[in-house]
Amino acid sequence: MAAAGGLCLPLSFLLLLLLSLALSPCSSSPPPRTTYIVHVAGSHKPDAFATHSEWYASAVESVTSSLDEPDGNRIVYSYDAAFHGFAARLGDAEAELLGQVPGVLAVIPETVYNLHTTRSPEFLGIGPEVISNGVWSSALAGHDVVVGVLDTGIWPENPSFADAALPPVPARWKGACEVGSKFTSRHCNKKIVGARVFYQGYEASAGSIDEKAEFKSPRDQDGHGTHTAATVAGSSVPGASLFGYAAGTARGMAPRARVAVYKVCWTGGCFSSDILAAVDRAVADGVDVLSISLGGGVSGYQRDSLSIAAFGAMEKGVFVACSAGNAGPEPISLTNVSPWITTVGASTMDRDFPASIKLSSGVEFAGVSLYSRRQNPSPSLTHPLVFMGGANSSSLDPRSLCLEGALDPLVVAGKIVLCHRGISPRVQKGQVVKDAGGVGMILANTAANGEELIADSHLLPAVAVGEKTGEAIKNYIRTAARPAASLAFQGTKVGIRPSPVVAAFSSRGPNILTLEVLKPDIVAPGVNILAAWSGVASPSSLAVDRRRVGFNILSGTSMSCPHVAGVAALLKAKHPEWSPAAIKSALMTTAYLHDNTHTPLKDASTGEPSTCYDHGAGHIQPARAVDPGLVYDITADDYFEFLCTQNLTPLQLRVFNKHEPNRTCKHALSSAGDLNYPAISAVFRQLPAGTLSLRRVVTNVGPAASIYHARVTAFKGAEVKVEPETLRFQRRNQKLSFKISFRTTSPQPSPEFGALTWSDGVRKVRSPIALIWLQ
């Protein structure tokens, strides 16, 4: 048994002895416990155990205190599809001892993840006429693509999830419709083909779910999950709007794809043990795409449980899209940076919701708002205007931020109040103003948000403005004898220029774990997105808001992620043989970098051109992604070889070996930069910098006989050479390699950005390039 890596009695006795020494002899109660994710080498299961679950239970029992509670049931989940392991409630000393058990690869504390909180199909060039009559139509005849959505659940009665136009559920599908509070099997249909709920990890760490406040079922009480699911694959719903704003037909990116819902988020957050159980189950159910609009910070690949689970999903052919995060415009603010995950940033569309502020001086300023026009105040009705922050107020002043309890009703009553954006939710600031007797609000950006404008469904007349406008209005308030203003709301406007623009909140690169892997991968619409909503949640998500709507408008990388997941579903339907890496390559190499004014994409936080660390490869362009010409394909073995360049120990590497237990490093890559990624990041790690060469392999997925010519950007500080400069393909799926070399002429203090483009005269395959000199 011992030779086979099993748990023999002497080892169990020793572990118990060590544990007893680690605990206080005077304590009569068990030590504090938290949930840990335990990764194991599945191939190390001793023959004495019939199942992995029995082995896991024995391992936990071997480190459990004799003071354990009567039921002694510490295991929260067992994982088997995406990776081998389990989640268990352990004390710190027990977790340390468990890490010494043969076959245990890593013991990682529970992580709490957060949510990264219509017209977008047309904006992306995949409107109903394209889906019905264009290149997608024949591919989608089978309706067999299933997208798994990990989020807050779903509101199944929303018409976005109607299934009238869909054929029976594919026979290959293994998912289930779990019943629970206000959710029965009849709530699943040919659109919602699966609905599961995961809360054991949450309850183990945060206590029992309050079933008076939350549905302990796949039903969505928050709205976020319903919104993301509808964005991915919502059916067409004519006449959708929010209070008349964004009126039109609401439709998901892949309206004929199926949705499988995995509810992992609750009022207290989204716990990693539940998320991993959902990924594991989704892979076993047979999803083709996963949309995960969650993030929990960055840790090493071998300690990021979502990264490990996504690796296992990728090995099974599942495309995984994750949101980049909403911590922009700060640099190095990305989450979900593993190269086998498609990391999605957020951008604007060409639709806006204009509103205006007219000062009593006659000066007028533009802003945005989703305030209900049914209560629209008269534009000619003016009110006194006040800013509570004072002449030298910092952006952290509670009064300038309109935080709860910070406003003096004697000063605010009957007035329009200017509030700084930040700290508290935007809509909540308006409620604070309303509670203090204010009649309106001007929500002004600070330097962190620049001129980015996000519309909200406020509870009182309110207009959001950029930083420059906010400063001008504050100056007017300080200098005018009797400052006053009126607010007006102008509905919906399309054709906004410039668009798209990279959202200020969208998290930025570089990838702190590996500079050679350029992140984010791509940007997609994530600002002011209309989609389905929960029937019990208000549009503002405030408890005092009694309004209920069928559709809501939200912003965040949570919204951009399902756009990419939906387009990935379309590509999977069109090209079922493509790997997740091939789909990602098609999305990245066909992205565009210019807005509708034909100028480079801009950063909303500065108004200046954005870089690869802001927009990745560029803005998603589905119509071109369906026929990219060439793809940069990557296998699971290639990704493993990448991990071999990351200074991981053999034990740490084994957490990525669920499906290939005997896989070892072959050192096929000379550096991380040689991973066959669609983006190229050349990192000069030593000075004086000389020449750096990287290698790539492209696969022809276009016409059999194709000739591609290379064109590369001229870089400041380096000369670039591509060998060969011409690639001649004789057949489809043929692979050809090339080398790109960078010779430093003068090291630059900041990264330089450009691109390598292969063109056959019809198709352009563009790879972004970042040159980095470490000083």
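**View 1. Strands 11, 12, 5 and 14 form an open four-stranded sheet in the order 11-12-5-14, with antiparallel pairing.** Strand 11 (265–266) and strand 14 are the edge strands, each pairing on one side only. Strands are DSSP runs of E with at least two residues, helices are runs of H or I with at least four, and both are numbered from the N terminus; two strands pair if DSSP finds at least two bridges between them. The model is predicted: local features need pLDDT of at least 70 and side-chain atom pairs pLDDT 80 or more, whereas totals for chains, interfaces and linings use all residues. Residues are numbered from 1 along each chain as its sequence is written, and side-chain values use heavy atoms, without hydrogens and water.

**View 2. Strand 5 (residues 112–115) and strand 12 (residues 269–271) run antiparallel and are joined by two bridges.** V112 has F271 of strand 12 as its bridge partner. Helix 8 (residues 272–285) packs on the sheet and touches strand 5, strand 12 and strand 14 (contact: heavy atoms within 4.5 Å). The direction of helix 8 makes about 65° with that of strand 12 (axes are lines fitted to C-alpha atoms, for helices over the stretch in contact; angles run from 0 to 180 degrees between N-to-C directions).

**View 3. V298 lies in the loop between strand 14 (294–295) and helix 9 (305–315).** V298 counts as partly exposed because its relative accessibility is 35% (buried is under 20% relative accessible area, exposed over 50%, partly exposed in between; 1.4 Å probe, protein chains only).
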